[in-house]
Amino acid sequence: MAARIQSPNSINTYKQCPRKYYYQYILKIDRKIGSIHLQRGSIAHSVLEDFFTIDISNIHSDHYEFELKVILQNLLKQKWQNGKDEFAKLDLTEDQLLFYFEETKMMVNNWFNNFLKVLKPKIMVYGLKEGFNIVKPITEMHFISQAHQVQGFVDAIHEIDGKVSVMDYKTSKREKITEEYRLQLAIYALLYQEKYGKLPHLVGVDFLRHKPHYLEVDDELLRFAKRECKVIQENTISDDIDDYSIKEGVLCRYCDFYDICFGQKTIHDFEK
Ligand code: SF4
């Protein structure tokens, strides 16, 4: 069969458990179990994406911090409101939803404070409009590599003072670039290089609760990405379930396919 276009998520899923990969990416079983963490992560991403589409010429330079913060918070309120039908499916109390809203607001505000630390010096030199445009990233960019059969959606690409950094936003509590994140960032570096013919200087995770963390892009990181892209293609040629072993572990109880693996449901229960 033709090679599948993989992604950092699909590769990390395979590494976590081949059987999970099989259910998710070969059978494409619809994972009906939503989660507040997924939904609010998606809202936070969307807020930050839309924030950079604002018309900065409508902002007054004397109180730009206040105005930008109001815009950001209004975006969050609006998107949270738009998500209410999805929230209703989660069976959460009003108090729980309020807690998650406030926590998401805290993350977005924390991100904004970090953003201001980069923005302010530029405004002092170039003024509001030019300064904002200098630090404004390209957002939500889709990359696809036919050579490596992999794709990715990059949250933000900054080019400031000639230095390119390719960033992913995370809402996770832990402020650590794990092996999974490292793989994702390595693939982003590879995708960037293939599209632009040059390496980004840095790749990183912007931990919205904390601060951005970066990795230098070097040959070893690129080799790692290429190796993982090759290995996943070799390991996923088959469509036979028996070629995708069950890898039982502590994460099974959070897995959407737990009921299938442990006998309480069959694959057919998940069919549309
Ligand atoms: S429940 Fe465990 S063994 Fe089954 S697919 Fe999920 S991670 Fe793999």
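Which residue takes a positive phi in the hairpin of β1 and β2? In this predicted model, the residue is Gln 149, with a phi near 55 degrees in a hairpin that has 4 residues between its strands. Let us walk from the overall layout to the details and come back to that turn.

**Two domains**

The protein chain splits into domain 1, covering 8-31 + 138-235, and domain 2, covering 36-135. Between their C-alpha centres there is a separation of 24 Å. The two parts meet through 11 residues of domain 1, which are in contact with 13 residues of domain 2. On the domain 1 side of this meeting, the elements giving two or more residues are β1 (138-145) and β2 (150-160). By residue class, that side of domain 1 holds 4 nonpolar, 2 polar and 5 charged residues.

**The strands**

β1 and β2 also pair with each other, in the antiparallel sense, over 7 bridges. One of the pairs to look for is Phe 143, whose bridge partner in β2 is Gly 152. β2 is in turn joined by 5 bridges to β3 (residues 163-170), and these two strands run antiparallel as well. Here Ala 156 stands opposite Met 167 in β3. The hairpin of β2 and β3 has 2 residues between the strands, and Asp 161 takes a positive phi near 55 degrees there.

**Backbone with positive phi**

If you are checking backbone angles, these residues are worth finding in the structure.

| Residue | Phi | Place |
|---|---|---|
| Lys 28 | about 55 degrees | just after α2 |
| Asp 91 | about 60 degrees | loop between α5 (84-88) and α6 (94-126) |
| Gln 149 | about 55 degrees | loop between β1 and β2 |
| Asp 161 | near 55 degrees | hairpin of β2 and β3 |

Asp 91 has its positive phi although it is not a glycine. Is Asp 91 buried or exposed? Asp 91 is exposed, because 8 other C-beta atoms lie within 10 Å, and a residue counts as exposed at 12 or fewer. Gln 149 is likewise not a glycine. With 16 C-beta neighbours inside 10 Å, Gln 149 counts as partly exposed.

**Helices α1 and α2**

Which residues of α1 are buried? They are Pro 8, Ile 11, Thr 13 and Tyr 14. The cover over these buried residues includes α2, β2, α8 (179-196) and α9 (219-235). Helix α2 (residues 18-26) has its own buried set: Lys 20, Tyr 21, Tyr 22, Tyr 23 and Gln 24. These buried residues of α2 pack against α1 (8-16) and α10 (258-261).

**Around the ligand**

Both α2 and α10 appear again at the ligand, as the elements that give two or more residues to the shell around it. Which residues form that shell? Four cysteines take part, namely Cys 17, Cys 252, Cys 255 and Cys 261. They are joined by Arg 19, Lys 20, Ile 246, Lys 247, Glu 248, Leu 251, Phe 257 and Tyr 258. By class, the shell divides into 8 nonpolar, no polar and 4 charged residues. Lys 20 is a good residue to select if you want to link the two views: it is buried in α2 and also belongs to the residues around the ligand.

Technical notes
Residues are numbered from 1 along each chain as its sequence is written. This is a predicted model: local features need pLDDT of at least 70, side-chain atom pairs count only at pLDDT 80 or more; totals for chains, interfaces and linings use all residues. Domain bounds come from an automatic or database domain assignment. Two residues are in contact if their C-beta atoms, placed from the backbone, lie within 7 Å. Ala, Val, Leu, Ile, Met, Phe, Trp, Tyr, Cys and Pro count as nonpolar, Asp, Glu, Lys and Arg as charged, and the others, Gly among them, as polar. A residue is buried if 20 or more other C-beta atoms lie within 10 Å of its own, exposed if 12 or fewer, and partly exposed in between; C-beta atoms are placed from the backbone. A residue is near a molecule or strand if its C-beta atom, placed from the backbone, lies within 6 Å of it. Two strands pair if DSSP finds at least two bridges between them.
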